[in-house]
Amino acid sequence: MSQSSPANAYADAGASERALLERRARLLGPTYRAFYRNPIHLVRGSGVWLYDAQGRKYLDAYNNVASVGHCHPRVVEALSGQAATLNTHTRYLSEIILDYAERLLGTLPPHLGHAMFTCTGSEANDLAIRIAQHSSGNTGVIMTDFAYHGATIATAQLSPAAVGAKGVPAQHRTVAAPDTFRDQGRAARDFARNVAAAIEDMRTQNVRPAALLLDSAFSSDGIFFPDASVMREAADHVRKAGGIVIADEVQSGFGRLGQGMWGFANYGLEADIVTMGKPIGDGHPMAAVIVRPQLVASFGSNTGYFNTFGGNPVAAAVGIAVLDVIEGEGLVENARTVGAYTGELLRALQGRHGMVADVRHNGLYFGVELTAEGDEALAATRTSAVVEAMREDGVLISSCGPRGNVLKIRPPLPFARDNAEQLAETLDRTLSRW
């Protein structure tokens, strides 16, 4: 997907969009980037649909932030009602934040007994690493080699996708993602062995692991769902070395994978800390760290924790509403059934288009790997072109992976069978161009 920052880089932008791009560049500076060569000026959202300034609607098959659908009426009502009543912070007593904590903890295994609230997934992962390092007395963190875990100093350094391998500090280690496709899935089979090797390499440098930090869907790495036993074995290696397991559920949580609320549970992992963000608030900025009580006991008494906006009453009301919608509308089951149907449609494309090398999915999370006769650069170029063409045809997706050749498809949870059919038909037309 084209994301070059200068306004003049968006070659296909119309006049009104170009004016907005120039204004963005003048006011926000060069670091803000827009999706697509022809960026979309969005003005409204509803359910799985987004609408631009000209009234054209787009099928959103990408945004898990609006997890229960854009502008869900129940979430909007909860937000506005609480905002009109009271919005303070957690240093005052409030029932609603406790009500939300009880509801959220009730979706997780009982050994995870405390909830700590932040505003973003980056903050959540940052706090989780602080707790892991404090409770273990260790410093090293192991993550996959194209992971993304956040935008703070600490989490950016744990995000090779953002800073590159050279940006990862010396005390940390990266391991190959459990790629279930390339080389007949060798990296997936060797994942636990690679984690053990990283721990041994740490030991030679007098470093001990504080944590294994895992995105349960390996979202930036290319979207993989490896064998559960290998994941559990990797966790055992870390625990034996004195570290803990942090499950980053910012991408895979809240029913996304269709087998329950949480991705780590699909592997039978007993996570020590779970971090969550994006879909937790259906677009409202909120996030959370769920933790074993014993891990945070010393941290809490020695360091304390306070976040001005984390856990405020409006966020709590929104969080409760999101859980109500997931449960009341059967969205986990919808992710399972519609996800399976969508997977069938996408796999059918693999039989019709030689450039579709692999289709990976769990629930409503899909990675479609494209190839170009062994030419990785050409595959990446074609993947970007597919994303751009889909946008022009009214369907929004993205791409991921270290080679940039995996279509990333991750729609809101109310995605229906007819939406899946539109997605597949549009992708079929697009792939037919090559």
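**Exercise 1.** Determine how much space lies in the second largest pocket of this predicted model, and describe its lining.

*Solution.*
Step 1. The volume of the second largest pocket is about 680 Å³.
Step 2. Its lining consists of 20 residues, and those nearest the centre are Arg24, Arg33, Ala34, Phe35 and Ile40.
Step 3. Helix 1 (residues 15-28) gives the largest share of this lining, four residues.
Step 4. Sorted by class, the lining of the second largest pocket has 12 nonpolar, five polar and three charged residues.

**Exercise 2.** State the volume of the largest pocket and identify which elements supply at least two residues of its lining.

*Solution.*
Step 1. The largest pocket encloses about 1,200 Å³.
Step 2. Around the largest pocket stand 38 lining residues; Tyr62, Tyr148, Gln251, Lys278 and Lys408 lie nearest its centre.
Step 3. At least two lining residues come from each of helix 4 (121-136), helix 6 (160-163) and strand 14 (398-400).
Step 4. The lining of the largest pocket divides into 18 polar, 15 nonpolar and five charged residues.

**Exercise 3.** Establish how many cavities of 30 Å³ or more the structure holds, and characterise the second largest cavity.

*Solution.*
Step 1. Two cavities reach the cut-off of 30 Å³ or more.
Step 2. The second largest cavity has a volume of about 50 Å³.
Step 3. Among the residues lining the second largest cavity are Asp179, Arg182, Asp221, Arg360, Glu369 and Arg403; Gly222, Phe224, Gly401, Pro402, Asn405 and Val406 also belong to this lining.
Step 4. The lining of the second largest cavity comprises six charged, three polar and three nonpolar residues.

Key:
Residues numbered from 1 in each chain as written. Predicted model: local features only at pLDDT ≥ 70, side-chain atom pairs only at ≥ 80, totals over all residues. Heavy atoms only, no water. 1 Å grid on protein atoms, 1.4 Å probe; cavity = no way out; pocket = protein on both sides within 12 Å on 5 of 7 lines; lining within 4 Å. Points joined across faces, edges and corners; volume = space filled by probe spheres on them. Nonpolar A, V, L, I, M, F, W, Y, C, P; charged D, E, K, R; others polar.
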